[in-house]
Amino acid sequence: MIRHAEAEGNMYRRAHGHHNGLITTKGYVQIGKLEERLKDEHIDAVYSSDLGRTQVTSTAVTRTRGLPITTDSALREVHMGVWEDMPWGEIEVSYPEMSKQFGQDPAKWKVNGSESYEDVVSRMTSFITKTAKCHDGETIAIFSHGFAIRAFFCNLMGFASHESHNVNYCDNTAVALLIYDNDKLSIQYQSDNSHLHTDESTLGNQAWWNGRKVWTTENMHYMPTDEVRDAKLLKSYQNEFGTRPLADTVFTAYLSSEPAGLVGFDSENEDYGELKYIHLHPDFRNNNFGVQLIGQAISALRKRKRKVLRFNVQKDSPVMRLCLKHDFIPISENGNICLLEKNICNWSTM
């Protein structure tokens, strides 16, 4: 049993249950490492959640074996209802009690439109048991999602929901090995990400996991920019660029109650959105917050059905390096300015 590779929800820090985020650059590296790990394993069949990020990850097994992928919605991530594609920072602020329950006692978690913990456990357990019975004497690969896998193991290991802290979190592309014998599932190992180096791990580079927290949260939430409330942040932008931040749509990003960054973009063109700027106050730099600003722009532009994100940036600047790290491609140059472009179309995988 394998969790999907890193996808946009993991990188942009947004709640992606049934929302179909794309695999990231790091995610494709993880898929390559997973393929190398499993290259000598005999595998008879491959099953995957029908969401795009798991299907893409399953190619680590199918690509060199010529096996078909059998998809089933029973292996999907939990449906998060009104939380779908919401920034985790907004969830922490707007739903503090449910945010706490989601992590500590998910059977008590419920928001409008969400799927219950019990239903996730039931569909996962039923599918895995039924499928194992159909493959007597064979080895199968099953690709699913973090919450769903952890809920399944919590139940299998005999832990109540409030005891889920006893079950390891599952890194992206982490592997578990189960044996089905005499109508019983047993665990050989779980949450094994030993095929990934530290810099290739998703969890290993997130502050909530590795203990390097600097702020009370690493998850941003967003509000329309306010001249008075965000004066300190707007001043830092003007000091750096000499102009006021102008765009059709402007958001201030907050870490708890602290205004930390700005993102502005235009969507006049029907085919693409234009990122006008991303700006972090100097106090918040070098903590991997910038990519969340990009994620906020992408989420808003997708709702407007824009297929591409464009950004004119100064060549060799920190912002350009950030964008190139996250799948922007140089399109043209004009003096010291480079036009970058990023494909954000994901309707075909939804």
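Which residues touch the most other members of the largest nonpolar core? In this predicted model, they are M1, M80, W83, M124 and I128, out of 34 residues in that core. The points below cover the cores, helix α8 and the largest pocket.

**Nonpolar cores**
- Two or more residues of the largest core come from each of β2 (45–48), α5 (88–94), α7 (117–133) and α8 (146–156).
- Helix α8 supplies the largest share, seven residues.
- Beyond its neighbours within four places in sequence, I128 is in contact with M1, I142, F152 and L185.
- A second core, separate from this one, has 31 residues, among them I278, A300, L301 and L309.

**Helix α8**
- Nine of the eleven residues in α8 are buried, and the helix is mostly covered.
- The buried residues of α8 are G146, F147, A148, I149, R150, A151, F152, F153 and C154.
- Their cover includes the helices α6 (96–104) and α7, together with the strands β1 (2–3), β4 (140–144), β5 (175–181) and β6 (184–192).
- G158, just after α8, has a positive phi of about 85°.

**Largest pocket**
- The largest pocket holds about 1200 Å³ of space.
- Its lining consists of 43 residues, of which I278, G290, V291, P318 and L322 are the closest to the pocket centre.
- Helices that give two or more residues to the lining are α1 (8–12), α2 (25–38), α10 (231–241), α11 (290–303) and α12 (318–325), and the strands that do so are β10 (272–280) and β11 (308–314).
- The lining is made up of 15 nonpolar, 16 polar and twelve charged residues.
- I278 belongs to the second core and also lines the largest pocket.

Key
Residues are numbered from 1 along each chain as its sequence is written. This is a predicted model: local features need pLDDT of at least 70, side-chain atom pairs count only at pLDDT 80 or more; totals for chains, interfaces and linings use all residues. Side-chain values use heavy atoms; hydrogens and water are left out. A nonpolar core is a set of buried Ala, Val, Leu, Ile, Met, Phe, Trp, Tyr and Cys residues joined through side-chain atoms within 4.5 Å. Buried means under 20% relative accessible area, exposed over 50%, partly exposed in between (1.4 Å probe, protein chains only). Helices (H or I, at least four residues) and strands (E, at least two) are DSSP runs, numbered from the N terminus. Contact means heavy atoms within 4.5 Å. On a 1 Å grid over the protein atoms alone, a cavity is a set of points where a 1.4 Å probe fits but cannot get out, and a pocket is an open set with protein on both sides within 12 Å along at least five of seven lines; lining residues have an atom within 4 Å of a point. Grid points are joined across faces, edges and corners, and a volume is the space filled by probe spheres set on the points. Ala, Val, Leu, Ile, Met, Phe, Trp, Tyr, Cys and Pro count as nonpolar, Asp, Glu, Lys and Arg as charged, and the others, Gly among them, as polar.
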